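The following exercises are intended for a first course in protein structure. Please study the sequence and the model before attempting them.

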Amino acid sequence: MQAFHGAHTAYTLHLGQCWTDEADIADSYAGRNGVIMEATIDLSGLDMVEVDGYDRDADEAPGDMDVDAFDCDVIVYDDEDMFGTQHTTWRLVSERAVAAVALVGLLEESEDEDDEE
């Protein structure tokens with residue numbers, strides 16, 4: 001699967017990380033000063049479970065509080081970014097899932113990175 005992750009600052013692969021298959025959605029998460037990472041995720045052999053999606057009233061997505069609460073590798077759910085744009089999220093909730101990520105590279109660099117003091 002081709003996937004994208006928008007990070008507010010620098011990118012670091014980690015347990016609990018969320019990915020989308022839409023670069024423009026990752027861009028909204030990255031914001032003005034963030035970065036967008038592109039990767040391929042080999043989902044074959046991983047245990048994926050669809051769960052209830054983002055809870056707007058509680059402002060909480062599955063796995064926000066405890067990635068260990070899931071007995072699988074990847075949870076898949078309907079999500080929305082801060083602008084209310086709906087999309088699908090694949091959240092990595094096991095070390096096996098993290099190991100399945102092959103980074104392609106930075107999709108878009110922040111314009112402000114050249115302004116470091």
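Four exercises with worked solutions follow, and they concern a predicted model.

**Exercise 1. Determine how many helices and strands the protein has, and in what order the elements run.**

Step 1. The secondary structure comprises 2 helices and 7 strands.

Step 2. Read from the N terminus, the order is β-β-α-β-β-β-β-α-β.

Step 3. The radius of gyration of the protein is 14 Å, close to the 13 Å given by the globule rule for 117 residues, so the protein is as compact as a globular protein of that length.

Step 4. The C-alpha trace spans about 45 × 35 × 25 Å along its principal axes.

**Exercise 2. Establish which strands are joined to β3 and β6 by the bridges considered here, and in what direction they run.**

Step 1. Begin with strand β3, residues 35-41. Strand β1 (residues 2-7) is joined to β3 by 6 bridges, and the two run antiparallel. Within β3, Ile36 stands opposite Gly6.

Step 2. Turn to strand β6, residues 86-92. Strand β5 (residues 74-80) is connected to β6 by 7 bridges in an antiparallel arrangement. Thr89 in β6 is the bridge partner of Tyr77.

Step 3. Strand β2 (residues 18-19) also runs antiparallel to β6, with 2 bridges between them. Here Cys18 stands opposite Arg91 of β6.

Step 4. Examine the link between β5 and β6: the two strands form a hairpin with 5 residues between them. In the turn, Gly84 has a positive phi of about 85°.

**Exercise 3. Explain why strands β3 and β6 are described as largely enclosed.**

Step 1. A residue is buried when its relative accessible area is under 20%.

Step 2. In β3, 6 of the 7 residues are buried, so this strand is largely enclosed by the rest of the structure.

Step 3. In β6, 5 of the 7 residues are buried, and therefore β6 is likewise largely enclosed by the rest of the structure.

Step 4. For the protein as a whole, buried residues make up 41% of the 117 residues.

**Exercise 4. Describe the contacts, the exposed surface and the charged side chains of the protein.**

Step 1. Consider the contacts with a separation of 6 or more: residues 24 or more positions apart account for 63% of them.

Step 2. The protein exposes about 7000 Å², of which carbon and sulfur atoms supply 44%.

Step 3. There are 4 positive and 32 negative side chains. The centres of these two sets lie 3 Å apart.

Terms used:
Residues are numbered from 1 along each chain as its sequence is written. This is a predicted model: local features need pLDDT of at least 70, side-chain atom pairs count only at pLDDT 80 or more; totals for chains, interfaces and linings use all residues. Side-chain values use heavy atoms; hydrogens and water are left out. Helices (H or I, at least four residues) and strands (E, at least two) are DSSP runs, numbered from the N terminus. The radius of gyration is taken over C-alpha atoms; the globule rule is 2.2 Å times the number of residues to the power 0.38. Buried means under 20% relative accessible area, exposed over 50%, partly exposed in between (1.4 Å probe, protein chains only). Contact means heavy atoms within 4.5 Å. Accessible areas come from the Shrake-Rupley method with a 1.4 Å probe; for residues, only the protein chains shown count as cover. Lys and Arg count as positive and Asp and Glu as negative; His and the chain ends are not counted. The place of a charge is taken as NZ of Lys, CZ of Arg, CG of Asp or CD of Glu. Two strands pair if DSSP finds at least two bridges between them.
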